[in-house]
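Colleague: Could you pick one part of this model and go through it slowly with me? I'm still getting used to the vocabulary, so please explain each term when it comes up.

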Amino acid sequence: MTRLAASSDSLADILERVLDKGVVIAGDIGVSIVDVELLTLRIRLFIASAQTAREMGMDWWTNDPFFSPNAAREELEDSAGQKLDLAARVAALEARVPGRRDALR
C-alpha cells in the first residue's frame with residue numbers, strides 16, 4: 001500500500017514539474033520511395049500549464065474567437081470601433097452587392 005502511494009506521489013511531482021517548466025517534444029517523419037521524398041511531417045508538441053504558456057508568449061487561445069467570447073465580440077466591430085449586431089452586419093453586406101438584395105426577395 002505504501003509503495004503505491006509513493007509512486008503516485010512521485011508521478012504527481014513529475015506532472016507538476018512538467019506543467020510548471022514545460023516540455024517540448026519535436027520530431028520529423030519522412031516517407032520516401034527510392035530516394036524520392038513523398039511526405040514529411042514535422043511534429044512540435046509543447047506541454048505546459050496555461051500560466052507557463054502565457055509567460056512564454058504562447059497564448060494563442062486568448063484571441064481565438066472559438067475559445068474567447070471577448071475575441072468574438074471584437075470581430076463584430078466595424079472599422080470605427082462601433083459594435084454591430086448581426087442584422088446590421090447582414091444589411092451592410094447586402095448593401096455592398098448591388099441588385100443582389102432584390103434578387104433574394
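**A close look at the hairpin**

Modeller: Let's begin with the whole chain: of its 105 residues, 5% count as buried (buried is under 20% relative accessible area, exposed is over 50%, and partly exposed is in between, with a 1.4 Å probe and protein chains only). A quick word on ground rules: this is a predicted model, where local features need pLDDT of at least 70 and side-chain atom pairs count only at pLDDT 80 or more, while totals for chains, interfaces and linings use all residues. Residues are numbered from 1 along each chain as its sequence is written, and side-chain values use heavy atoms, with hydrogens and water left out.

The accessible surface of the chain is about 9,300 Å², and carbon and sulfur atoms hold 58% of that (areas come from the Shrake-Rupley method with a 1.4 Å probe; for residues, only the protein chains shown count as cover). The chain has 5 helices and 2 strands, in the order α-β-β-α-α-α-α along the sequence. Both kinds of element are DSSP runs numbered from the N terminus: helices are H or I with at least four residues, strands are E with at least two.

Now for the hairpin. Strand E1 covers residues 23-33 and strand E2 covers residues 36-47; they run antiparallel, joined by 11 bridges (two strands pair if DSSP finds at least two bridges between them). You can follow the pairing residue by residue: glycine 30 has threonine 40 in E2 as its bridge partner, and valine 31 stands opposite leucine 39 in E2. In a regular strand, side chains alternate between the two faces of the sheet.

Where does the chain turn around? E1 and E2 have 2 residues between them. Valine 34 is in that loop, and aspartate 35 is found there too. Valine 34 has a positive phi of about 50 degrees although it isn't a glycine. Aspartate 35, also not a glycine, has a positive phi of about 60 degrees. Valine 34 counts as exposed because its relative accessibility is 74%. Aspartate 35, with a relative accessible area of 79%, is exposed as well.

There's also a side-chain link across the strands. The count for the chain comes to 1 salt bridge (a side-chain nitrogen of Lys or Arg within 4 Å of a carboxyl oxygen of Asp or Glu). The side chains of aspartate 28 and arginine 44 form it, at 3.4 Å from N to O. Aspartate 28 sits in E1 and arginine 44 in E2, so the pair ties together parts that are 16 residues apart in sequence. Both residues are exposed. Side chains of opposite charge can pair when their charged atoms come close.

Past E2 you reach helix H2, residues 50-55, where threonine 52 lies. Is threonine 52 buried or exposed? Its relative accessible area is 6%, so threonine 52 is buried. Leaving out residues up to four places away in sequence, threonine 52 touches Leu19, Asp20 and Lys21 (contact means heavy atoms within 4.5 Å). A polar atom of the threonine 52 side chain lies 2.9 Å from the backbone oxygen of aspartate 20. That is a polar contact: N or O atoms within 3.5 Å, where, within protein, one must be able to donate a hydrogen and the other to accept it, and residues adjacent in sequence count only if both atoms are side-chain atoms.

Glutamine 51 also has its place in H2, but at 56% relative accessibility this one counts as exposed. From C-alpha to C-alpha, glutamine 51 and leucine 19 are 9.0 Å apart, with 32 residues of separation in sequence. As for the whole chain, among contacts with a separation of 6 or more, 19% come from residues 24 or more positions apart.
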